[in-house]
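Trainee: Please take me through a close look at a single part of this structure, and set that part against the chain as a whole. I should like the pairing and packing to be given residue by residue where possible.

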Amino acid sequence: MNKETRKVYCEKCNKKVDYDIISEIKKEYKGVEVNIEQNIGICSECGERLYVTELEEINLDKLYSRYRELTGIVTPQDIINFREKYNISQRELVAILDWGKMTINRYERGSLPNQSHSDILKLIIKEESYFREKVEDAYKNGRISEKTYNNMHFSMDQEKTSILEKLIELRLSNEVNIYNGFKKFDLDRLENLIGYISSKVNNLYKTSLNKYLWYIDFSNYKYNLKSITGLRYMRYTFGPIIEDMDYELILNLKNKFEKEVTESYRSEITKIKSKDNYDISMFSDKEMEIIDRVIEVFKDKNVGEISDLSHKEKAWIETKDKELISYEYAHDLKYI
Ligand SMILES: [Zn+2]
């Protein structure tokens with residue numbers, strides 16, 4: 001480098017001058033004791049302090065990294081790694097967080113985030129579920145596109161849920177006919193319906209849930225000519241149940257409800273608890289009327305009583321063991 005480019009303007013001398021470098025200890029930054037050594041340029045003619053860009057950049061880097069070390073403020077590399085993990089751009093990340101357009105760009109280039117931004121970044125880095133909430137919020141409010149949303153790479157734990165959902169869809173989707181009440185299987189409806197039933201019924205057990213769903217689907221077929229969930233049911237010892245016992249899969253879902261398994265000395269008892277976040281806006285008034293009526297009829301009956309009622313239905317009596325129950329029998333329902 002030639003000498004000319006190293007010259008810096010000195011206000012006191014009012015001209016470009018050569019500079020010397022002195023070292024100085026910076027003791028404090030934003031109330032934190034940092035004690036870092038900095039290199040400062042001084043005018044080689046008058047000794048005045050000068051602003052030398054190359055030196056100041058190095059000083060700032062040193063200062064910020066020491067300050068980050070001491071306060072735990074998020075680092076540029078943390079943010080870059082995080083974006084790479086989820087396959088998102090700086091623009092997408094600010095859209096998700098609803099921050100100013102250039103915020104992340106500045107932080108990744110070394111600017112020091114304020115404490116609250118740093119806290120939020122550290123939280124989304126550490127807690128995927130928290131980040132996922134932010135992403136879903138951004139998607140719902142149109143800040144990120146569906147494409148961005150679908151391209152994001154969530155970790156295994158989250159993917160397991162969607163693999164389970166895919167598996168359920170795959171197993172339970174069939175052509176529309178009399179065995180699903182002329183309705184395509186709808187997992188979203190099913191999850192919300194279970195969330196709703198389990199919030200209205202105390203002590204909802206697995207066996208009862210099957211009967212609730214069966215009565216709701218069949219009653220809706222009887223009165224409104226379609227099932228509500230598109231589920232297929234089969235005849236089983238304890239009454240109608242979801243085809244191939246796939247309620248076992250369904251009950252592993254965690255969006256709208258969760259199962260609580262207790263071991264008694266004879267067997268295992270599965271209770272379904274609502275997360276009380278169900279969305280019933282997808283059901284019509286007529287459907288809600290059916291759903292509420294079924295809940296009203298059964299909510300004070302125990303598992304045995306509900307089973308007994310289902311055993312008096314023609315649908316159960318006339319269908320062979322482990323065979324699909326036709327929705328034709330809906331017209332003969334006795335209790336709804
Ligand atoms: Zn000078």
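Mentor: Two residues are in contact here if their C-beta atoms, placed from the backbone, lie within 7 Å. The model is predicted, and in its chain 64% of the contacts with a separation of 6 or more are between residues 24 or more positions apart. The secondary structure amounts to 14 helices and 10 strands. With a radius of gyration of 33 Å, well over the 20 Å that the globule rule gives for 336 residues, the chain is more spread out than a compact globule. Its C-alpha trace spans about 105 × 45 × 30 Å along the principal axes, and 26% of the 336 residues count as buried.

The part I choose for the close look is the open sheet of three strands, whose order is β6-β10-β9 and whose pairing is antiparallel. At its edges are β6 (204–205) and β9 (257–263), each of which pairs on one side only. Seven bridges link β9 to strand β10 (residues 268–274), again in the antiparallel sense. Within this pairing, T262 has I269 of β10 opposite to it. Helix α9 (residues 187–200) packs on the sheet and touches β6, β9 and β10. The direction of α9 makes about 100° with that of β10. As a general point, side chains in a regular strand alternate between the two faces of the sheet.

Another antiparallel pairing may be set beside this sheet. Strand β7 (residues 233–236) is joined to strand β8 (residues 239–242) by four bridges, and the two run antiparallel. They form a hairpin, with two residues between β7 and β8. Y233 is placed opposite I242 in β8.

For packing between helices, consider α3 and α6. Two packed helices are described by the angle between their axes and the distance between the axes. The axes of helix α3 (residues 90–97) and helix α6 (residues 128–140) come within 8 Å of each other and cross at roughly 90°. Angles of 65 to 115 degrees count as roughly perpendicular, so α3 is roughly perpendicular to α6. On the α3 side the contact involves A95, I96 and L97, which meet K134, V135 and A138 in α6. By class, the residues of this contact are five nonpolar, no polar and one charged.

Conventions. Residues numbered from 1 in each chain as written. Predicted model: local features only at pLDDT ≥ 70, side-chain atom pairs only at ≥ 80, totals over all residues. Axes fitted to C-alpha atoms, helices over the stretch in contact; angles between N-to-C directions. Parallel < 35°, antiparallel > 145°, perpendicular 65-115°, else oblique. Nonpolar A, V, L, I, M, F, W, Y, C, P; charged D, E, K, R; others polar. Rg over C-alpha atoms; globule rule 2.2 N^0.38 Å. Buried ≥ 20, exposed ≤ 12 C-beta atoms within 10 Å, placed from the backbone. Pairing = 2+ DSSP bridges.
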